[in-house]
Amino acid sequence: MTAHTVEYIRYRIPEERSAEFLAAYTRAASYLAEAPQCVDYELARCEDDFEHYILRITWTSTKDHLEGFRGSELFTEFFAEIRPYVSNIEEMRHYTPTTVRGTGASVPTLYAWAGGAEAFSRLTEVFYEKVLADDLLAPLFEGLAPEHAEHVALWLGEVFGGPPAYSEQQGGHGHMVAKHLGKGITEPQRRRWVNLIQDAADEAGLPTDAEFRSAFLAYIEWGTRLAVYFSGPDAVPPGEQPVPRWNWGAVPPYQP
């Protein structure tokens, strides 16, 4: 995955100019939204001292920001809006995220919401019973190892925010990809896989709320489409990557 750059710009804006400052950045934000070098942005106001603001912009890279965005017409339009406040900047720096990151407990992981390890074990047990009885998918899983369902349960558990059991016992993303190389999975087989795992989720008692199921299905669609690609004749195996981590939102476009 690409390592992004985070730019922080700290402003001190006199209270009497705050309304015009926010209006200017509301207009300027439209140019950030159009910039292909911009991943996301957010302007925050200090609760303790209303004169202080911090603008956070995530760029695809520092080079893309300095040579791409700043050399574009979008920057010209953007800068025209915020020019009156350049003298109010107290700090402007680029930062590279470290490996120290995570989420708090205010929002449960998809893994916890689903019911933890037992829920994913039930899911894969029911699912592979369906797979082995299915005329379209059974040939793909001929000679299925007895432990396969439990390995997939570990994979899904880790993907949805559970412990890194799959990584520790089996390997990372590359290990899972290797299992699909040369399989020649067809689109009808992929679609059947998606349908059967949704049926299995119902039978295994996974949560049925819209938020969980939309996130669950989003991963299933993403993962099975990658499986079709990596099973094809022109597939280029990715480098070593960690197991993907899914959450309640969406992920950016896949980049090998």
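# A guided tour, stop by stop

Start in the loop between β3 and α2, and select Thr60 there. Keep in mind throughout that this is a predicted model. Thr60 is partly exposed, and its relative accessible area is 22%. Now add Ser121 to the selection. The two residues are 61 positions apart in sequence. In space, their C-alpha atoms are 38 Å apart.

**Strand β3 and a nonpolar patch**

Step back to strand β3, which covers residues 52-59. Select Ile54 in this strand. Is Ile54 buried, partly exposed or exposed? It is partly exposed, at 39% relative accessible area. Next, show Tyr8 and Tyr95 along with Ile54. Together, Tyr8, Ile54 and Tyr95 make a nonpolar patch on the surface. The patch measures about 270 Å².

**Helix α2 and a long span**

Go to helix α2, residues 62-69, and pick Glu67. Glu67 counts as exposed, because its relative accessibility of 58% is over the 50% cut-off. Draw a distance from the C-alpha of Glu67 to the C-alpha of Ala145. It should read 52 Å. Along the sequence, Glu67 and Ala145 are 78 residues apart.

**Two cysteines**

Select Cys38 and Cys46. Cys38 is buried, with 12% relative accessibility. Cys46 is partly exposed, with 27%. How many disulfides does the whole structure hold? The search finds 0.

**Salt bridges: α1 to α3**

Side chains of opposite charge can pair when their charged atoms come close. There are 17 salt bridges in this structure. Begin with Glu81 and Arg27, which form one of them. Their closest N and O atoms are 2.8 Å apart. Glu81 belongs to helix α3 (residues 73-82) and Arg27 to helix α1 (residues 18-34), so this pair ties together parts that are 54 residues apart in sequence. Arg27 is partly exposed, with a relative accessible area of 44%.

**Salt bridges: along α9**

Move to helix α9 and select Glu187, Arg190 and Arg191. Which residues does Glu187 pair with? Arg190 is one partner, with the closest N and O atoms 2.9 Å apart. Arg191 is another, at 3.7 Å from N to O.

Look at the spacing along the helix. Glu187 and Arg190 are 3 residues apart in α9, about one turn of the helix. Glu187 and Arg191 are 4 residues apart in α9, again about one turn.

Colour these three side chains by exposure. Arg190 is buried, at 2% relative accessibility. Glu187 is partly exposed, at 35%. Arg191 is partly exposed too, at 42%.

Now add Glu221 and Arg225 to the selection. Glu187, Arg190, Arg191, Glu221 and Arg225 are linked in a network of salt bridges.

**The second largest pocket**

Turn on a surface or pocket view. The second largest pocket holds about 770 Å³ of space. Its lining has 34 residues. To find the centre, select Tyr128, Phe141, His148, Met176 and His180, the lining residues closest to it. Then colour the elements that give two or more residues to the lining: α6 (148-159), α8 (173-178), α9 (187-203) and α10 (210-231). Which element gives the largest share of the lining? That is α10, with 9 residues. Helix α9, where Glu187 and Arg190 pair, is also among the contributors.

**Last stop: the loop between α5 and α6**

Select Leu137. It sits in the loop between α5 (116-132) and α6. Is Leu137 buried or exposed? It is buried, with a relative accessible area of 0%. Finish with one more distance, from Leu137 to Glu150. These residues are 13 positions apart along the chain. Their C-alpha atoms are separated by 18 Å.

Conventions: Residues numbered from 1 in each chain as written. Predicted model: local features only at pLDDT ≥ 70, side-chain atom pairs only at ≥ 80, totals over all residues. Heavy atoms only, no water. Patch = residues over 30% accessible without salt bridge, like charges linked within 9 Å, V, L, I, M, F, W, Y side chains within 5 Å. Areas by Shrake-Rupley, 256 points an atom, 1.4 Å probe, with all protein chains shown as cover. Salt bridge = Lys/Arg side-chain N within 4 Å of Asp/Glu carboxyl O. Buried < 20%, exposed > 50% of the residue type's maximum accessible area, 1.4 Å probe, protein only. Disulfide = S-S within 2.5 Å. 1 Å grid on protein atoms, 1.4 Å probe; cavity = no way out; pocket = protein on both sides within 12 Å on 5 of 7 lines; lining within 4 Å. Points joined across faces, edges and corners; volume = space filled by probe spheres on them.
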